[in-house]
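Could you look over these notes on how some of the helices pack and on the enclosed space in the model? The points are numbered for ease of reply.

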Amino acid sequence: MFESGTAKGNSAGRKVCSGVDRAEISHTLQETSDEHDLLEDLRSHFGLRRCTGSLSVPVYRSRELTDATAHDVASMQTLGITKIFDLRKQAEREAAPEPDCITAAFEVCTCPIDLQGDEKRTRATFAQSISVAYGQPGERMISLYGIMASHADALRTIVWDIADAEQPVLVHCANGKDRAGIACASVQRLQGVSYENILEDYLLTNIYNEAMNQRDLRRHAGMMQPEELEVLRAMFEARKEYIDVFFSLIDERYGSFAAWMTR
């Protein structure tokens with residue numbers, strides 16, 4: 001799946017964990033004080049954080065790394081990160097490429113397909129009233145999560161590639177919310193993290209992206225009607241109904257999450 005050639009492909013015979021004790025999660029994956037200090041700058045710059053759950057190796061999630069510096073690279077390396085999964089589509093990677101300090105320090109695996117499957121959406125964003133283009137608040141995002149579910153075969157390979165990593169990895173898309181959010185949530189579910197904890201982790205995106213989202217909303221406030229701003233706000237936020245739609249569609253198509261992952 002990934003252009004670096006790291007895809008594992010066949011998922012037959014692999015194990016999907018059925019559950020992990022909540023106390024074990026809390027005990028196992030509390031950030032150490034050293035890790036917390038390292039993450040402070042990375043969180044403020046990229047929303048980078050460690051996914052919760054009893055995962056085989058640490059998985060981190062973030063926004064795009066376009067503005068990363070050598071200092072950021074050193075912090076990521078201290079966390080043990082050796083591989084980065086960039087889930088952005090080609091047009092996004094070309095418009096905002098990974099800086100040289102990232103590509104020189106890490107193995108960067110890029111996704112050759114558009115997981116949200118709609119090139120026209122970026123060109124049409126402000127071509128007309130946003131409420132006309134994207135409907136009611138949340139409507140567009142629910143549609144996009146449905147599109148991601150339609151790419152289930154590609155996503156399954158991505159999830160196994162991340163889960164099979166032998167050293168800590170970082171997964172990112174543009175805002176670290178939708179594509180990276182679904183990929184990381186699927187890795188967590190694959191390795192037995194409860195849906196309650198997965199949802200809590202996914203919704204933390206709203207905290208880590210809050211400053212960026214508020215800045216962008218203020219920038220558009222003078223150009224949009226209040227109802228249009230609510231549509232935009234819904235696109236910026238992580239919401240329970242979005243991730244629920246994705247996993248519900250997976251269940252409908254395959255019968256269960258486990259059946260999807262072992263197909």
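1. In this predicted model, helix 10 and helix 15 have axes that come within 11 Å and cross at roughly 60°. Angles of 65 to 115 degrees count as roughly perpendicular, and helix 10 and helix 15 are therefore described as oblique to each other. The crossing in which helix 10 passes helix 15 is right-handed.

2. On the side of helix 10, the residues that meet helix 15 are Ile-182, Ala-185, Ser-186 and Arg-189, while helix 15 brings Ile-243, Phe-246 and Phe-247 to this contact. Divided by class, the residues of the contact of helix 10 with helix 15 are 5 nonpolar, 1 polar and 1 charged.

3. Helix 11 also packs against helix 15, at an angle of about 130° and with the two axes 10 Å apart. That angle makes helix 11 oblique to helix 15, since only values over 145 count as roughly antiparallel. The crossing of helix 11 and helix 15 is right-handed.

4. The residues that meet here are Tyr-195, Ile-198, Leu-199, Tyr-202 and Leu-203 in helix 11, and Lys-240, Tyr-242, Ile-243, Asp-244 and Phe-247 in helix 15. By class, the contact of helix 11 with helix 15 has 8 nonpolar and 2 charged residues, with no polar residue. Ile-243 and Phe-247 of helix 15 take part in this contact and are also met by residues of helix 10.

5. A further partner of helix 15 (residues 240-254) is helix 9 (residues 152-163), and this pair packs at an angle of about 110° with axes 12 Å apart. That makes helix 9 roughly perpendicular to helix 15. Helix 9 makes the contact through Ala-152, Asp-153, Leu-155 and Arg-156, and helix 15 through Phe-246, Ile-250, Arg-253 and Tyr-254. The contact of helix 9 with helix 15 has 5 nonpolar and 3 charged residues and no polar one; Phe-246 belongs to this contact and also to the contact with helix 10.

6. How many cavities of 30 Å³ or more does the model hold? The count comes to 1 cavity of 30 Å³ or more, and the volume of the largest cavity is about 30 Å³, so that the value should be read with the cut-off of the count in mind.

7. The largest cavity is lined by Arg-61, Gly-181, Cys-184, Ala-185, Gln-188, Ile-198, Asp-201 and Tyr-202. Helix 10 (179-190) and helix 11 (195-203) each supply at least two residues of this lining, and the largest share, 4 residues, comes from helix 10. By class the lining has 4 nonpolar, 2 polar and 2 charged residues.

8. Some lining residues recur in the helix contacts described above: Ala-185 lines the largest cavity and is among the residues of helix 10 that meet helix 15, whereas Ile-198 and Tyr-202, also in the lining, are among the residues of helix 11 that meet helix 15.

Note on methods
Residues numbered from 1 in each chain as written. Predicted model: local features only at pLDDT ≥ 70, side-chain atom pairs only at ≥ 80, totals over all residues. Heavy atoms only, no water. 1 Å grid on protein atoms, 1.4 Å probe; cavity = no way out; pocket = protein on both sides within 12 Å on 5 of 7 lines; lining within 4 Å. Nonpolar A, V, L, I, M, F, W, Y, C, P; charged D, E, K, R; others polar. Axes fitted to C-alpha atoms, helices over the stretch in contact; angles between N-to-C directions. Parallel < 35°, antiparallel > 145°, perpendicular 65-115°, else oblique. Contact = heavy atoms within 4.5 Å. Left-handed = near helix turned anticlockwise from the far one by under 90°.
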